[in-house]
Amino acid sequence: MHSEIEKVLISEEEIQEKCKEMGAHLTEEYKDRFPLAVGVLKGATPFMADLLKRVEIHLEMDFMDVSSYHGGTRSSGEVKIVKDLDTKVEGRDILIIEDIIDSGLTLSYLVDLFKYRQANSIKVVTLLDKPAGRTAHIKADTIGFEIPDEFVVGYGLDYQEKYRNLPYIGILKPEVYGG
Ligand code: XMP
Ligand code: MG
């Protein structure tokens with residue numbers, strides 16, 4: 001599996017250090033509140049787990065699946081709900097947790113949805129931001145790393161459902177796409 005990676009873009013140590021930093025920031029930001037952390041499946045799960053271990057307040061976790069990618073490396077441009085929340089959003093402080101913001105379509109869809117459902121506040125934390133891909137006019141409140149316009153895998157991010165279990169963020173060798 002590791003031999004299929006051309007380059008490690010962000011190491012395991014860098015990710016863990018960033019989770020600590022962001023966790024401390026969120027602890028401060030949400031103190032005396034009880035936010036609902038919404039993980040966007042499936043990619044955000046490793047980041048959500050590591051990040052929230054560093055947030056030292058009570059919070060609730062739930063998950064949504066709103067895929068706009070269908071196994072390839074490019075967005076289809078449409079967002080649909082595959083799995084909705086079990087938790088009521090009205091009046092809650094929502095913290096959306098994303099693996100990556102690329103076009104921004106997924107995120108702007110979610111933000112609009114939670115506004116419609118009358119959240120008290122909506123903030124977004126993302127591990128990765130790829131500003132070159134942006135088409136929707138939206139940005140995250142807390143960003144781990146800005147990355148160049150490359151398709152990345154690992155730490156939740158997949159190519160055809162593989163590589164999500166890598167502990168780092170990497171770029172695949174071109175022959176992996178070709179075959
Ligand atoms: P948008 O374009 O809506 O994309 O901001 C958000 C979702 O698209 C997926 N995505 C990627 N997945 N490597 C991946 O494995 C990438 O480089 C990449 N760029 C976008 C991802 O699932 C994210 O939640
Ligand atoms: Mg995805």
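Two residues are taken to be in contact if their C-beta atoms, placed from the backbone, lie within 7 Å. With that term in hand, the tour can begin; the model on display is a predicted one.

**The whole chain**

Start with the protein chain in cartoon view. Its secondary structure comes to four helices and eight strands, and from the N terminus on the elements run β-α-β-α-β-β-α-β-β-β-β-α. The radius of gyration is 16 Å, close to the 16 Å that the globule rule gives for 179 residues, so the chain is as compact as a globular protein of that length. Along the principal axes, the C-alpha atoms fill a box of roughly 50 × 35 × 25 Å. Of the 179 residues, 32% count as buried. Among contacts with a separation of 6 or more, 68% are made by residues 24 or more positions apart.

**Strand β2 and its neighbours**

Select residues 36-40, strand β2. Five of its five residues are buried, so the strand is largely enclosed by the rest of the structure. Rotate the view to inspect both faces: L36, V38 and V40 are buried on one side, and A37 and G39 are buried on the other. In general, side chains in a regular strand alternate between the two faces of the sheet.

Next, add strand β3, residues 60-64. β2 and β3 pair in the parallel sense over five bridges, and V40 stands opposite M64. Between these two strands the chain passes through helix α2, residues 45-52, in a right-handed β-α-β crossover.

Then add β4, residues 93-101. Four bridges join β2 to β4, and the two strands run parallel; here A37 stands opposite L95.

**Helix α2**

Select α2 and display its side chains. P46, F47, M48 and L51 are buried in this helix. Which elements do the buried residues of α2 pack against? Their partners are α1 (12-29), β2, β4 and β5 (121-129).

**From β4 to β5 and β6**

Move now to β5, a strand that is mostly covered, with seven of its nine residues buried. Eight bridges join β4 to β5 in the parallel sense, and a pair to label is I94 and I122, which stand opposite each other. The chain crosses from β4 to β5 through α3, and this β-α-β crossover is also described as right-handed.

Add β6 (142-146). β5 and β6 are parallel and pair over four bridges; the bridge partner of D129 is E146 in β6.

**The surroundings of ligand 1**

Select ligand 1 and the residues around it. The shell holds 20 residues, of which the closest are D102, S103, L105, T106 and L157. Elements giving two or more residues to this shell are β4, α3 (105-116) and β7 (152-153). β4 gives the most, with four residues. Colouring the shell by chemical character divides it into 10 nonpolar, six polar and four charged residues.

**G133, in the loop after β5**

Centre on G133, in the loop between β5 and β6. Is this residue buried, partly exposed or exposed? G133 is partly exposed, with 17 other C-beta atoms within 10 Å. Leaving aside neighbours within four places in sequence, G133 is in contact with D102, S103 and D149. Two of these contacts, D102 and S103, are also among the closest residues to ligand 1. A distance to display is that from G133 to G104: they lie 29 residues apart along the chain, with their C-alpha atoms separated by 8.0 Å.

**Y116, in helix α3**

Select Y116, found in helix α3. Y116 has 9 other C-beta atoms within 10 Å and is exposed. Draw a line from Y116 to V152: the two are 36 residues apart in sequence and 32 Å apart in space, C-alpha to C-alpha.

**The antiparallel sheet**

Finish with β1, β8 and β7. These three strands form an open sheet in the order β1-β8-β7, with antiparallel pairing. β1 (5-10) and β7 stand at the edges, each with a single partner strand, so one side of each is left without a neighbour in the sheet. Two bridges join β7 to β8, residues 169-172, and V153 stands opposite G170 in β8.

Methods: Residues numbered from 1 in each chain as written. Chains lettered and ligands numbered in written order. Predicted model: local features only at pLDDT ≥ 70, side-chain atom pairs only at ≥ 80, totals over all residues. Near = placed C-beta within 6 Å. Nonpolar A, V, L, I, M, F, W, Y, C, P; charged D, E, K, R; others polar. Pairing = 2+ DSSP bridges. Buried ≥ 20, exposed ≤ 12 C-beta atoms within 10 Å, placed from the backbone. Right-handed = clockwise from strand over helix to strand, strands pointing away. Rg over C-alpha atoms; globule rule 2.2 N^0.38 Å.
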